[in-house]
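Let's take a walk through this structure together, one piece at a time. Have the sequence and the 3D view ready beside you.

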Amino acid sequence: MAIYYDKEQCTITLDTQHTTYQMKIGPGGLLLHTYYGPTAEGDQSYLIPYRDRGFSGNPYDAGNQRAISADTFPLEYPCEGNGDFRASAFSLRRCNGAVGCDLRYQEHRILPGKYSLPGLPAVYAQEEEAQTLVVTLADREAGVTVELRYGVLPGLDLITRAARILNSGDAPLTLQNAASAAVDQLAGDWELIHFSGRHAGERTPCRTEIGQREILIGSRRGTSSHQQSPFVILAQPDTTELSGPCIGMSFVYSGSFACNVSRDQFGTTRAVMGIQPEHFDYPLQPGEAFQAPEVLLAYSADGLAHLSQIFHKTIARHICRGPWRDRRRPVLLNNWEATGMDFDGEKILSIARKAADLGVEMMVLDDGWFGARNDDNAGLGDWTVNTQKLGCSMGQLADKIRAMGLKFGLWIEPEMVNEDSDLYRAHPDWALQIPGKRPVRGRNQLVLDFSRPEIVDAIFDQIVQVLDECRPDYVKMDMNRSLVDVYTAAASYQSQGKILYEYTKGVYRFMQQLLDRYPDLLLEGCSGGGGRFDAGMLYYCPQIWCSDNTDAIDRIRIQFGTSFGYPIRTMGAHVSAVPNHDAHRTEPIHTRAVVAMAGTFGYELDLNLISEEEKQQVPQQIAAFKQDWDLLHNGLFYRLTDVMKNRKEAAWMMVAEDGSQALLNIVTLDATGNSPNRFIRCAGLVPGANYRDPESGRVYSANALMSQGMPLPLYHTRYGDVAPGEYTAFQIHLQRV
Ligand code: DGJ
């Protein structure tokens, strides 16, 4: 049993293999959070201080007991209106305009297996792997019932949370905020690590003190965004990669989100995660319910690497689905950076031919194959094949590519429309627009109202006509702007605040329909690179294009940041041409390949145009990737250097779960003459064991590698042994002896 109810102490305890999470039904039914940390037996509510504090009001039913206050207690699901002045998870407006309610415990149920959320992505598990707790809170007078759902996967040290809100009264209500989870930590000087960025520069880790203030991160863009990731970590000041406590929260949702992290006047740290309350105003008629998406929660007592590994395993095996979940993905070549939209069928075939020659396994045709799409000002919405440009039908093109021994993949961007398209000319009201206001354009395109099922279906029907004809093995589903003008002619005044949530569900429905129709399809997510890289998308797409920035050195940082919350095998990563089109940097093709192998691995250039020497390396790289794939994609991942601080070298390591082998990856970031000695400290090896490098035959002690490190390999030159120049990559295999 992972979930226990102690009737005497009124505690409900969620135990995983190494952690305990506990709540207590407190005075008057306030649901208190007592503990989240390493396994702890018994009632942890001794931690909760009962003190009369000025300006911290008391519930009416507490009578004269002034030490009872929602403002000072740690709470499981803080709501606005009960006297808690900190950030709340829940806020409703009654039909008379009054804001506020007071949620109290009603009952709880413990169920076998893991709950699921209709129409929303969520962790799945075998019945024997998980248990579910449903705690019902209510405010009878306000007419609202909240079901807090907890999924416990003990073997993974994972807890999931979600909330379902029901209008259980007889008057309409409007939700102003309905977050999915709140975590209050009474003790500890927690810091926040969040992952911020920009287009072509996603997910840079930022570690910051919290102090007595609220830190709000999130997205108002209708997508999870390039600018902030819906994944945060709370860590103690002395927590490092390999030691110290930390808590991770990952939102399984791809739309606008908010994460409010605060420290209150008495030192309690609170993190609230859920749907972005701005532009959210969700009406509920009596009997109607709203489902808030899921949050994943994990606690590690052993540092950030272990925390990441919990999220990696969870996402890889309990979020990602379908036949491609555990299969090696084909090494692909995508034509985007080679041609943009300036191609014809012959050009694509010539790129494919060379790719096939050199061992690539799949050719992906990116943007520009449909309608009048010759630049990014026209064509979106018209999903008919431009046979004139291709010189044949899509089915014929796919056949020609398959005849080369390659699989075939295709790009789509279903959520978008150009004003210069037949679709827009026929249905201008299908785009999100505010009547009378000129819409904001992004990449010269508007956004289709995917909150309306009939629009999702119309686009789906168009696209599957092409897919039925060419039966692609892979589809890249892109999305290239943020949402503004969020108004739909199809909804009432009261329902405009539902659109963003319903839009995200529409996107999920579109992807689910694709997967249902083509069960073997490999779907890759994309939003101008990694603008919608989140656990929600990964439920449908086992991989997401990590960034439009393909420069290997920039990618090291982007993939490093992404690795805190997401598995290596979910990060779309390709070798591209040099000098890089964006960063204008030049790295050897070997370095570009080593970095792409810390992702899905593929190519994004015309292989006809590289040097003969580079051409020889491509088949070797593909062979190396295939040989090491299991370790690269299933091994435990360790970040060995902090690429935000260490400007000399970046290093990371994959270690087989049983410790039998490991792959050490190093990329030098600078060079200097007569350089000081440099060592890379390894991690995750079996202490006391020895490991052999099969290439040199040299045997290393794991203890030495993990305490002193591996010397940076030297180059033998006619001047003697010298340190490698900048942007040189090494992969060192280690096999346990
Ligand atoms: C943005 C993507 O990230 C690129 O890889 C490419 O597919 C373009 N869109 C195409 O418009």
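The paragraphs below visit two sheets and then a ligand site.

First, a word on how to read what follows: this is a predicted model, in which local features need pLDDT of at least 70 and side-chain atom pairs count only at pLDDT 80 or more, while totals for chains, interfaces and linings use all residues. Residues are numbered from 1 along each chain as its sequence is written, and side-chain values use heavy atoms, with hydrogens and water left out.

Let's begin with the sheet that holds strand 1. Four strands form an open sheet in the order 1-2-3-4, with antiparallel pairing. Strands here are DSSP runs of E with at least two residues, helices are runs of H or I with at least four, and both are numbered from the N terminus; two strands pair if DSSP finds at least two bridges between them. Strand 1 (3-6) and strand 4 (31-38) each have a single partner strand, so one side of each is left without a neighbour in the sheet. From one strand to the next, the twist averages 15 degrees (axes are lines fitted to C-alpha atoms, for helices over the stretch in contact, and angles run from 0 to 180 degrees between N-to-C directions). If you zoom in on strand 1, you will find four bridges joining it to strand 2 (residues 11-15), with the two running antiparallel. Tyr5 has Ile12 of strand 2 as its bridge partner.

Now move along to another sheet. This open sheet has nine strands, ordered 28-27-26-25-22-21-20-30-29, with parallel pairing. Its edge strands, strand 28 (571-572) and strand 29 (574-576), each pair on one side only. Strand 21 (residues 362-365) and strand 22 (residues 407-412) run parallel and are joined by four bridges, and Leu365 stands opposite Leu410 in strand 22. Helix 7 (residues 453-470) packs on this sheet and touches strand 22 and strand 25 (474-477), where contact means heavy atoms within 4.5 Å. The direction of helix 7 makes about 170 degrees with that of strand 22.

Which residues come nearest to the ligand? They are Asp366, Asp367, Lys476, Asp478 and Asp548, out of 13 around the ligand (near means that a heavy atom lies within 4 Å). Polar side-chain atoms of Asp366 and Lys476 each lie 2.7 Å from an oxygen atom of the ligand. For Asp478, a polar side-chain atom lies 2.6 Å from a nitrogen atom of the ligand.

Conventions. Polar contact = N/O pair within 3.5 Å; in protein donor to acceptor, adjacent residues only side chain to side chain.
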